[in-house]
Amino acid sequence: MTKRVFSGFRPTGRQHIGNYFGTIQNCLQLQEEYESFYCVVDLHALTTLENTATLKEDVHNMVLDWLAAGIDPEKSVIFVQSHVPEVTELHMLMSMVTPLSWLLRVPTFKEKVRMHPENVNYGLVGYPVLMTSDIALYKGEVVPVGEDQLAHLELAREILRRFNSMFGNVFPEPQAKLTEFPLIVGLNGAEKMSKSADNYIEIAASPEDIRKKISTAFTDPARKYRADPGHPEVCNVFTLHKMFTVGRIAEIERECRNAGIGCTDCKKLLAESVSDYFAPFRERRLELQARPEYVREVVQDGAARASRVARETLREVKAAMNLLP
Ligand code: SF4
């Protein structure tokens, strides 16, 4: 029988190149091998969001990008966490089997308390219980994680093990599928590409916007004048060329080293490559955008399919816990 994979993503709005080569590519591959449940975890986002003004739009844009990139609602269940309210009920039941000490020792919780002592809410400490409930509700057997998320999944497994030992074997223990998310460095050349660092290129950006963004990219700091030879190995523009201008990489390297090409032209070339790479995606996105109800229909259908599984799991859980039917 095909195994079920569950993956939850915080609603980060329009996706950037880092998201594309990390999560989206990964989802595309998994949907061919597993029964895939892809969920936008909007309730999780509320634990740290101070302002929800763009939340609806962010969910919409993220799903639209997924669909335009080829995540297929015929193959995958694409849905929004809050559309399947059974998850909140399971969260409550799971919270009864989760020792508070387990939650207080979670490193990301401690980190958030340190960074934002003024915003330590009840939901934040229960974040891992909600995450566990997501996986458990859909009986996820496989969860794709990066190395840095292994500890979170281990905690989920501990909670489920505890539940099973107290109430009987209701849940499979989800296995980690260790996934390599290539580190895409942002335009500042210093950090991972992200919205918070404002060093990103959206995959749906127009060719003009891509050009403007790339024109701000940091290059080889030793190359002060056009005639200075460059050092492509320290330049993130060159790293991006390796992904987008594959066929001309030897030429760019040579021309950079002997100052045959200036950084302005090199960036223009990168902008063209990035723009060409995402042209089919942009076209598909525009087609989907012309059907304003489409995203809503996809997530409604996804919620209906997810709800069928969720209701059945919750019925089993309540029976196991001896709640009166
Ligand atoms: Fe970087 Fe290109 Fe400038 Fe060389 S020519 S330093 S690769 S931007």
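Where does Lys 139 lie? Lys 139 is in the loop that runs between α8 (127-137) and β4 (142-145). The model is a predicted one. At Lys 139 the backbone has a positive phi, near 50 degrees, in a residue other than glycine. A positive phi also occurs at Asn 322, which is not a glycine either and has a value of about 65 degrees. Asn 322 is placed in the segment after α15. With a relative accessible area of 68%, Asn 322 is exposed.

**Ligand site**

The ligand occupies the largest cavity. Around the ligand stand Thr 219, Asp 220, Arg 223, Cys 235, Val 237, Phe 238, Cys 256, Cys 263 and Cys 266. Two helices, α11 (236-244) and α13 (263-277), each contribute at least two residues to this shell. Sorted by class, the shell has six nonpolar residues, one polar residue and two charged residues. Cys 263, one of the residues around the ligand, is partly exposed because its relative accessibility is 25%, which falls between the limits of 20% for buried and 50% for exposed.

**Cysteines**

Searching the whole structure for disulfides gives zero. Cys 39 is accordingly in no disulfide, and the nearest cysteine sulfur, which belongs to Cys 27, is 12 Å away. A disulfide would need the two sulfur atoms within 2.5 Å. Cys 39 is buried, its relative accessible area being 1%.

**Salt bridges**

Over the whole structure, 21 salt bridges are found. The table lists three of them, with the distance taken between N and O atoms.

| Residues | N to O distance |
|---|---|
| Glu 208 and Arg 211 | 2.8 Å |
| Arg 257 and Glu 253 | 3.0 Å |
| Arg 315 and Glu 312 | 2.7 Å |

How many residues apart are Glu 208 and Arg 211 in helix α10? The two are three residues apart, about one turn of the helix, and α10 covers residues 207-215. Glu 208 is partly exposed at 38% relative accessibility, and Arg 211 is partly exposed with a relative accessible area of 35%.

Arg 257 and Glu 253 belong to helix α12 (residues 249-257), where they lie four residues apart, about one turn of the helix. Arg 257 counts as partly exposed at 36% relative accessibility. Its partner Glu 253 is partly exposed as well, with a relative accessible area of 29%.

Why are Arg 315 and Glu 312 separated by about one helical turn? They are three residues apart in helix α15 (residues 294-320), so about one helical turn lies between them. Arg 315 is partly exposed at 49% relative accessibility, a value that stays under the limit because exposed requires over 50%. Glu 312 has a relative accessible area of 37% and is partly exposed. Elsewhere, Glu 154, Arg 157, Arg 161 and Glu 173 are joined into one network by salt bridges that share partners.

How values were computed:
Residues numbered from 1 in each chain as written. Predicted model: local features only at pLDDT ≥ 70, side-chain atom pairs only at ≥ 80, totals over all residues. Heavy atoms only, no water. Buried < 20%, exposed > 50% of the residue type's maximum accessible area, 1.4 Å probe, protein only. Near = heavy atom within 4 Å. 1 Å grid on protein atoms, 1.4 Å probe; cavity = no way out; pocket = protein on both sides within 12 Å on 5 of 7 lines; lining within 4 Å. Sits in = over half its atoms within 2 Å of the grid points. Nonpolar A, V, L, I, M, F, W, Y, C, P; charged D, E, K, R; others polar. Salt bridge = Lys/Arg side-chain N within 4 Å of Asp/Glu carboxyl O.
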